[in-house]
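Please work through the exercises below with the sequence and the model open beside you, and try each task before you read its solution.

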Amino acid sequence: MGTKKVAWGVISTAKIGLNRVLPGMKKSPWCDIRAIASRSEGAARKAADALGIPTAYGSYEALLADPAIEAIYNPLPNHLHVPLTLAAAHAGKHVLCEKPIALTAEEAGQLRDAAGSVLIAEAFMVRFHPQWLRARELVREGRIGTLRAVQAFFAYDNPDPANIRNRAEIGGGGLYDIGCYPIVAGRWFFESEPERCIALIERDPAFRTDRLTSALVDFGEGRRLDFTVSTRLAPHQHIELSGTKGRIEIPIPFNPGQGAQTRLLIDDCSSLEGAGIRVETLPASDQYELQGTAFSRAVRGEIALPYGVEDAIANMRVIDALFRSETSGAW
């Protein structure tokens with residue numbers, strides 16, 4: 001391939017990066033993971049050695065000052081997403097930032113000006129996975145009639161008080177961490193923005209994070225997203241798309257095996273016992289590789305950036321509204 005790979009730097013040694021995102025990006029012919037930074041040079045070197053990354057930095061500032069780095073992957077804790085994304089943008093680096101991109105839509109709005117000079121995107125890797133692309137294609141084709149309801153469930157069990165997901169002061173909790181995914185799903189499959197929403201939230205008495213959140217999101221014209229997410233339930237996830245003539249189920253919509261085949265269950269609903277279900281198997285793929293490829297191709301001008309800052313702000317508006325609903329008890 002004649003196109004030069006994009007030189008990437010990574011801010012922090014977060015597990016999501018080390019265990020999932022970077023191994024996926026390293027498979028891409030468009031990504032060159034050149035450097036990684038931590039507040040501890042020892043931690044950065046350990047991560048670099050484990051992943052075969054050439055350069056390790058003991059500070060984020062040193063990485064951002066490296067003229068060879070073109071793009072930054074930012075998997076820092078949620079409260080640092082906007083500050084470090086802005087710092088990277090001011091250093092002339094494009095940024096792929098982990099979700100949620102901010103703690104509020106207003107904070108995310110600070111990225112608007114920077115996005116005029118560099119590319120900035122929120123790392124919703126699911127939108128690049130063939131199972132999401134194929135499911136939306138089937139909806140568009142009318143395979144299940146008119147899509148009316150999107151239902152999603154996403155849960156894991158994390159009791160660790162030291163884990164950043166259980167620290168309310170830095171943006172922990174289920175809605176920020178995993179509730180953002182069903183919201184993206186609703187916007188993705190309905191291909192529109194919601195009009196109103198209402199939430200029922202239970203908070204952990206010790207952590208004060210939302211540990212069980214359910215929401216109803218109204219997209220108008222008789223279209224509804226309803227979802228439940230939890231940080232303290234048995235691990236489970238699924239999405240179901242229900243239309244006037246059938247339904248589509250994505251059994252593992254958010255964390256499918258990297259490099260594994262996936263399945264869609266397409267049901268004409270002719271039998272409650274499931275006789276009308278057809279299983280469609282999709283090719284093996286890695287959503288992190290596909291995300292890294294798409295962003296890098298956008299950096300090279302091969303394609304337009306699929307999802308930018310305005311898309312991230314739109315998702316944050318729904319999160320903001322759900323937290324307001326928790327307080328008001330109203331739509």
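The exercises that follow concern a predicted model, and each task is followed by a solution in steps.

**Exercise 1. The sheet of 8 strands**

Task: Find the order of the strands in the open sheet of 8 strands, and then say which strands are the edge strands.

Solution: Begin with the order, which reads S8-S9-S10-S7-S11-S12-S13-S14, and note that the pairing in this sheet is mixed. Next, look for strands that pair on one side only, which are strand S8 (196-203) and strand S14 (277-285), the edge strands. Finally, consider how neighbouring strands are turned against each other, which is by 15° on average when direction is ignored.

**Exercise 2. Two pairs of strands compared**

Task: For S7 with S10, and then for S8 with S9, state the sense of the pairing and how many bridges there are.

Solution: As background, strands of a sheet pair through backbone hydrogen bonds, either parallel or antiparallel. Strand S7 (residues 147-157) and strand S10 (residues 224-230) run parallel and are joined by 7 bridges; within this pair, phenylalanine 153 has threonine 228 in S10 as its bridge partner. S8 and S9, in turn, are antiparallel and pair over 8 bridges, and here arginine 196 has aspartate 218 in S9 as its bridge partner. The last step is to follow the chain between S8 and S9, which form a hairpin with 6 residues between them, and in the turn arginine 208 has a positive phi of about 70°.

**Exercise 3. Two helices and their contact**

Task: Decide whether H6 and H7 are roughly parallel or oblique to each other, and describe the residues that make their contact.

Solution: First place each helix on the sheet. Helix H6 (residues 130-140) packs on the sheet and touches S7, strand S11 (232-243), strand S12 (247-250), strand S13 (260-267) and S14, its direction making about 20° with that of S13. Helix H7 (residues 174-190) lies across S7, strand S9 (210-218), S10, S11 and S12, and runs at about 160° to S10.

Now take the two helices together: their packing angle is about 40°, and their axes are 10 Å apart. Angles under 35 degrees count as roughly parallel, and 65 to 115 as roughly perpendicular, and H6 and H7 are therefore oblique to each other. On the side of H6 the contact is made by Trp132, Leu133, Ala135, Arg136 and Val139, and on the side of H7 by Tyr181, Val184, Ala185, Trp188 and Phe189. Sorted by class, this contact of H6 with H7 has 9 nonpolar residues, 1 charged residue and no polar ones.

To complete the picture, note that the buried residues of H6 include Trp132, Ala135, Arg136 and Val139, and that the buried residues of H6 pack against S7, H7, S11, S12, S13 and S14. In the largest nonpolar core, which has 102 residues, Trp8, Phe189, Phe227 and Leu241 touch the most other members. H7 gives the most to this core, with 11 residues.

**Exercise 4. The sheet of 6 strands**

Task: Give the strand order of the open sheet of 6 strands, and say which helices lie across S2.

Solution: The order is S3-S2-S1-S4-S5-S6, with parallel pairing, and the edge strands are strand S3 (55-57) and strand S6 (120-122). From one strand to the next the twist averages 25°. As an example of a pair, strand S1 (residues 6-11) and strand S2 (residues 31-37) are parallel over 6 bridges, with valine 6 opposite cysteine 31 in S2. Turning to the helices, helix H1 (residues 15-25) lies across S1, S2 and strand S4 (71-74) at about 155° to S2, while helix H2 (residues 41-51) lies across S2 and S3 at about 155° to S3.

**Exercise 5. Unusual backbone values**

Task: Say where serine 12 and glutamate 191 are found, and whether each is buried or partly exposed.

Solution: Keep in mind that most residues other than glycine have a negative phi, and most peptide bonds are trans. Serine 12, in the loop between S1 and H1, has a positive phi of about 95° although it is not a glycine. With a relative accessible area of 8%, serine 12 is buried. Glutamate 191, in the loop between H7 and S8, also has a positive phi, near 55°, but with a relative accessible area of 42% glutamate 191 is partly exposed. As a last step, find the peptide bond from lysine 99 to proline 100, which is cis with omega near -15°; proline 100 lies in the loop between strand S5 (94-97) and helix H5 (105-108).

Notes
Residues numbered from 1 in each chain as written. Predicted model: local features only at pLDDT ≥ 70, side-chain atom pairs only at ≥ 80, totals over all residues. Heavy atoms only, no water. Pairing = 2+ DSSP bridges. Helix = DSSP H or I, 4+ residues; strand = E, 2+ residues; numbered from the N terminus. Axes fitted to C-alpha atoms, helices over the stretch in contact; angles between N-to-C directions. Contact = heavy atoms within 4.5 Å. Parallel < 35°, antiparallel > 145°, perpendicular 65-115°, else oblique. Nonpolar A, V, L, I, M, F, W, Y, C, P; charged D, E, K, R; others polar. Core = buried A, V, L, I, M, F, W, Y, C linked by side-chain atoms within 4.5 Å. Buried < 20%, exposed > 50% of the residue type's maximum accessible area, 1.4 Å probe, protein only.
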